[in-house]
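Let's take a walk through the charged side chains of this protein and see who pairs with whom. Have the model open while you read.

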Amino acid sequence: MPSSTSPSNRAWPRQALALLLLALVTLAAAAVYTVRWNPEVRFYRHAIAVKRAWSAQLAAGAAGTPRYLLAGGSSAAFSVDGERMRERHGLRLVNFGLHAGMEALFLVAIAAREARPGDTLIVAMEPELLTTPFTAPDLAAQMGLALGEPRLIAASDVTGDPVPWVDSLVSMRPGAYHAFTLLGKLALRKPLYRYSPPEIHPSGWQEARDFREFALIQPGAPRLAADGRNLLAALVRWARENEVRVCYSLPWACVEPTAIGEFRRTSASFLREVAEFLPVLKDPALGVHSVREHFSDTGWHLTPAGAQARTDSLAGQLRAGQFWTPAELDALKSAADKVQSR
């Protein structure tokens, strides 16, 4: 009597199991590559190690003396020199600026993890990171897992949200774009990543060494996204529970001259919303820095000379305790609206 289960039917479970094993092996191989050899991940692992070493040095050097921890994307990384801040202004700052592609949750979490009671966390990230919805970026997942600190991915220590394990593990795949770009650089014998470890100074400041033409920064969205509001609210709670001060500092941008008025108007609107949650450091220029020669390869990346100016300006604001009031921001927005309507 013939069996009711044909050989082809019995083969399906084995084929499915083989495909599953192949997928797991491929994912494991991709994860090993990402953690050990991905040039971007390796660079930022080095950068974080340098920043944490400076943080530990400041904590050990004068126990109990408050520190400033700067959180943000590359606009922060290239903008504030902690060594200059200490030597010229007597302020102890660690620059935890990294890459905007990691997005706001990771960028806040990496700096917040170093905070101790009495410290100040300065959120100095590009407004776009708070005015657009969060996207669970691959780079944040890759960095969190490469560091062995998955709670950084969703800023779990700040927000209380769980680690997105499934999405994070899938994000370990480098992707076709990365693979083809890397192969192209190898074929052309170009550096595998545009930035290199010697650019990272002891305090975490990244020195600009790449100079090229770039597009000027245009005015952005003036309103916080729901994700941005939730993060700022979580930061307020976290700061209160951990006895840490938190404030916001608008990065400097190289803006098209004809767009300066609109940029300042949207900046004032954006800062007015941020001020509902955090004190906002008082930069009279509202983030506009018009010296073109102070920017390197993008309209957010300051040259060493630009970083000196930004460091000195920030130090002055911190030492004086200068913050915008909501009424001042409302007045600035109204004045800019009147100019815009003419």
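A salt bridge here is a side-chain nitrogen of Lys or Arg within 4 Å of a carboxyl oxygen of Asp or Glu. Keep in mind that this is a predicted model. By that rule, the count comes to 17 salt bridges.

Start with Asp 312 and Arg 84, whose side chains meet in a salt bridge at 2.9 Å, N to O. What does this pair tie together? Asp 312 sits in helix H13 (residues 304-320) and Arg 84 in helix H4 (residues 82-89), so the bridge links parts that are 228 residues apart in sequence. Their surroundings are worth a look too: Asp 312 is partly exposed, at 27% relative accessible area, while Arg 84 counts as buried at 14%.

Next, swing over to Glu 328 and Lys 282, which form a salt bridge with their closest N and O atoms 3.0 Å apart. Glu 328 belongs to helix H14 (residues 326-341) and Lys 282 to the loop between strand S5 (280-281) and H13, so this pair ties together parts 46 residues apart in sequence. Glu 328 is partly exposed, with 29% relative accessibility, and Lys 282 is partly exposed as well, at 24%.

Now for Asp 210 and Arg 212: the closest N and O atoms of this salt bridge are 2.5 Å apart. Is Asp 210 buried or exposed? With a relative accessible area of 18%, Asp 210 is buried, whereas Arg 212 is partly exposed at 42%.

Last stop: a network of salt bridges links Arg 52, Arg 113, Glu 114, Glu 149, Arg 151 and Asp 157.

Terms used:
Residues are numbered from 1 along each chain as its sequence is written. This is a predicted model: local features need pLDDT of at least 70, side-chain atom pairs count only at pLDDT 80 or more; totals for chains, interfaces and linings use all residues. Side-chain values use heavy atoms; hydrogens and water are left out. Helices (H or I, at least four residues) and strands (E, at least two) are DSSP runs, numbered from the N terminus. Buried means under 20% relative accessible area, exposed over 50%, partly exposed in between (1.4 Å probe, protein chains only).
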